[in-house]
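Reader: I'd like to practise reading a model by eye. Could you walk me through pockets, salt bridges and odd backbone spots?

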Amino acid sequence: MPASRRLALPAAAALVLAAPADAAAPLGAVRLRAGDHPAFVRVVADLAGRTIGPNDVATTDANPFDGAARITVGGGGARARARAVASLGVRARVVAARAGLVLTLSAPPRRFKYVSYEVLHAPDRLVVDLWKSAPPAPGAAVMRARQRCLALTRFVVTPRRVSVAGRERFLFEHTLVVRLRGARGGAVAQRPLIAVGGRWSTS
């Protein structure tokens with residue numbers, strides 16, 4: 001066999017074996033940063049390594065009202081290099097665990113009512129929003145969900161009654177919960193509803 005053919009086979013094999021290693025690069029956190037918005041505080045984790053999708057992220061503690069929330073990203077083999085950040089009353093820290101990257105968020109109790117997230121690319125990053133419990137500044141109300149699955153179309157507030165109405169589409173079994181919060185952010189009333197024909201209302 002000519003020498004050139006004997007050398008070609010190991011070179012091709014090396015190229016084939018190298019591709020899975022790059023695809024399986026460990027997931028890592030490069031930087032944490034926080035920014036203030038009228039209705040929420042946003043924490044961004046810049047990521048490196050393998051690309052993640054929405055199904056790689058889970059909120060293992062989704063109730064920040066008690067002062068803490070936790071989000072897990074990816075699977076095993078993760079590494080964390082990002083420094084913890086403390087800004088705008090929120091402390092964010094990311095560590096590598098068996099489950100993947102674990103982002104922990106801590107804040108004074110009652111300050112935040114919900115946590116939401118989305119995965120963005122180019123560059124890869126996890127965007128986490130901590131929604132403020134107290135009424136936001138005028139003009140900061142969120143009247144429609146990002147995916148347009150839920151919308152608030154009307155509300156009337158009087159000293160003794162609050163009436164609301166809206167639209168719904170694609171929610172599981174068309175169910176939702178209307179929750180009324182006081183000036184300090186605590187829930188004072190709530191009511192489960194089933195939308196009919198894409199519409200819901202209660203008072």
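Author: Let's take those features one at a time, starting with the pocket. Keep in mind that this is a predicted model.

Reader: Fine. How do I go about finding empty space, and what is the volume of the largest pocket here?

Author: The general idea first: rolling a probe the size of a water molecule over the atoms shows where empty space is left. In this model, the largest pocket comes out at about 2000 Å³. Its lining has 47 residues, and those closest to the centre are K113, Y114, V142, L152 and R179.

Reader: Which strand gives the largest share of the lining of that pocket?

Author: That's β13, with seven residues. Several strands join in, though: β9 (112-120), β10 (125-132), β11 (150-157), β12 (162-168), β13 (175-181), β14 (187-194) and β15 (199-202) each put at least two residues into the lining.

Reader: And how many of the lining residues are nonpolar, polar and charged?

Author: Sorted that way, the lining of the largest pocket has 31 nonpolar, nine polar and seven charged residues.

Reader: Okay, on to salt bridges. How many are there?

Author: The idea is that side chains of opposite charge can pair when their charged atoms come close. The count in this model is six salt bridges. Try D46 and R33, where the closest N and O atoms are 2.9 Å apart. D46 sits in strand β2 (residues 40-48) and R33 in strand β1 (residues 28-36), with their positions 13 residues apart in the chain.

Reader: Are those two buried or exposed, and why?

Author: Buried means under 20% relative accessible area. D46 counts as buried because its relative accessibility is 12%. R33, at 33%, counts as partly exposed.

Reader: Which residues are linked in a network of salt bridges?

Author: R42, E118, D129 and R146. Start with R42 and D129, whose closest N and O atoms are 2.7 Å apart. R42 lies in strand β2 and D129 in strand β10, so this pair ties together parts that are 87 residues apart in sequence. D129 is buried, at a relative accessible area of 1%, while R42 counts as partly exposed at 22%.

Reader: What about R146 and E118?

Author: Their side chains meet in a salt bridge at 3.6 Å, N to O. R146 is in the loop between β10 and β11 and E118 is in strand β9, 28 residues apart. R146 is partly exposed at 45% relative accessibility, and E118 is partly exposed as well, at 29%.

Reader: Last topic: the backbone. What should I be looking for?

Author: Look for exceptions, because most residues other than glycine have a negative phi, and most peptide bonds are trans. One to check is the peptide bond from A122 to P123, which is cis, with omega near 5°. P123 is found in the loop between β9 and β10.

Reader: What is the phi of A122?

Author: A122 has a positive phi of about 55°, although it isn't a glycine. A122 lies in the loop between β9 and β10. With a relative accessible area of 75%, A122 is exposed.

Reader: And where is R110 placed, and what does its phi look like?

Author: R110 is in the loop between β8 (100-106) and β9. Its phi is near 80°, a positive value in a residue other than glycine. R110 is partly exposed, with a relative accessible area of 33%.

Conventions
Residues are numbered from 1 along each chain as its sequence is written. This is a predicted model: local features need pLDDT of at least 70, side-chain atom pairs count only at pLDDT 80 or more; totals for chains, interfaces and linings use all residues. Side-chain values use heavy atoms; hydrogens and water are left out. On a 1 Å grid over the protein atoms alone, a cavity is a set of points where a 1.4 Å probe fits but cannot get out, and a pocket is an open set with protein on both sides within 12 Å along at least five of seven lines; lining residues have an atom within 4 Å of a point. Grid points are joined across faces, edges and corners, and a volume is the space filled by probe spheres set on the points. Helices (H or I, at least four residues) and strands (E, at least two) are DSSP runs, numbered from the N terminus. Ala, Val, Leu, Ile, Met, Phe, Trp, Tyr, Cys and Pro count as nonpolar, Asp, Glu, Lys and Arg as charged, and the others, Gly among them, as polar. A salt bridge is a side-chain nitrogen of Lys or Arg within 4 Å of a carboxyl oxygen of Asp or Glu. Buried means under 20% relative accessible area, exposed over 50%, partly exposed in between (1.4 Å probe, protein chains only).
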